[in-house]
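New notebook page. I want to look this structure up piece by piece and jot down what turns up.

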Amino acid sequence: MRNGQAAVTRGGDNPGVQRETETTRGRSEVTIDLGALRRNVRRLREVAAPAALWAVVKADAYGHGVGDAARTALAEGAAALCVATAREGAALRARIRRGTRILVMGPFDAGDEAVAQEYGLEVAVSRLPFPDGLVVHLKIDTGMGRYGLTAEEALSVPSDRVAGVMSHLATADEPDETFAREQLEAFAALAARFPDATAHVANSAATLRFPEARHDAVRCGVALYGLDPFGHDPADQALAPVLSWRSRVARARTLGPGESTGYGRRFVAERPTRIGLVPVGYADGFRRGLTGTEVLVAGTRRRVLGTVSMDSFAVELGDEPEGADVTIIGDGVLAEEHARVLGTINYEVTCGIRTQSERATRTTLDG
Ligand SMILES: *Cc1c(COP(=O)(O)O)cnc(C)c1O
């Protein structure tokens, strides 16, 4: 399959063939491995037990495709789904089996009431008062300093109006545990005042790291997708990346000494240098700051050279031919590596990949 595709693209001297390749296959392909997702769900369920695992699928499942991610997580025993907005919840409702719990974790506002009712969404309330007739989780600010009720406000709510109490940790992934432990203590004290409500506070990092954070349910996002919440190798946590992203060398060429590639002439060849042009750029989510990061070209690690363009980047080549496979993420190249080059986190890397049909295609594999 890979070879066949390379052969077609190698016919790139014929513009007709080239156009057909890009139209039918896309300029790059994102592949979602649902088998890896299943194994990550199982791993997190084991870690969290006896707490329930709630699958966080906001932002199109961190760029992985919300429908398949949600259905797979549920099939592996996730007990509920969590999204950021009521509109995400409404869109998700039609795609999953009836009766599945969906929690909107973002701040509830008055405009969400009708949507929550119509689509059967549970809501996180971070301001008083709130309307009757909704399934409400009190979102308590124990130190995140964003949306959330104070402890006093939370305690003023009659417990029979509350399905859940929740909070969110600011530093669960950071080396210093002090603040996270303070938040967890504050949360545990409040949760004890609502003994019939479901208590939930742990994100992926806290689920893996703090047993006392697990309570009744954990809300895991990033780890489901085989991304390490601590920014290292997900294998350290027995997690496997779900997403891979591949393209190919659309054009190979040689720069002579003193010749450059791309905007700003940020890479100038000192000696004859073979480069490959890959039809993926920052408009696809391959960010402009990725100069110097590594991708695989036909299985060999190669550096990205010069400035990343909107629709293209350049990579150093050995003797790999035009049409050679390029793995941007996958086959051992981690989203975490690109994040490090960018000075950001793996979450931002996968959330930024654009898969609408004019650019990359997204394929789902099960196994
Ligand atoms: C996004 C989010 C999560 C999931 O966090 P991960 O680090 O991806 O596991 C959990 N809780 C809340 C409130 C969130 O917004």
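How many Å separate the centres of domain 1 and domain 2, taken over C-alpha atoms? I get 40 Å. The assignment puts domain 1 at 34-227 and domain 2 at 243-333, with bounds from an automatic or database domain assignment.

Note to self: this is a predicted model, where local features need pLDDT of at least 70, side-chain atom pairs count only at pLDDT 80 or more, and totals for chains, interfaces and linings use all residues. Residues are numbered from 1 along each chain as its sequence is written, and side-chain values use heavy atoms, with hydrogens and water left out.

Next, the inside. I looked up the largest nonpolar core (buried Ala, Val, Leu, Ile, Met, Phe, Trp, Tyr and Cys residues joined through side-chain atoms within 4.5 Å; buried means under 20% relative accessible area with a 1.4 Å probe, protein chains only). It has 103 residues, and Val57, Leu138, Trp245 and Phe313 have the most contacts inside it. Domain 1 and domain 2 each give this core at least three residues. I also found a second, separate core of six residues, including Leu255 and Phe267.

Then I checked alanine 49. Its C-alpha atom is 38 Å from that of aspartate 284, and the two are 235 residues apart along the chain.

Last, what lines the largest pocket? I count 18 nonpolar residues (Ala, Val, Leu, Ile, Met, Phe, Trp, Tyr, Cys and Pro), nine polar and seven charged (Asp, Glu, Lys and Arg; the others, Gly among them, are polar) in its lining.

Methods:
Buried means under 20% relative accessible area, exposed over 50%, partly exposed in between (1.4 Å probe, protein chains only).
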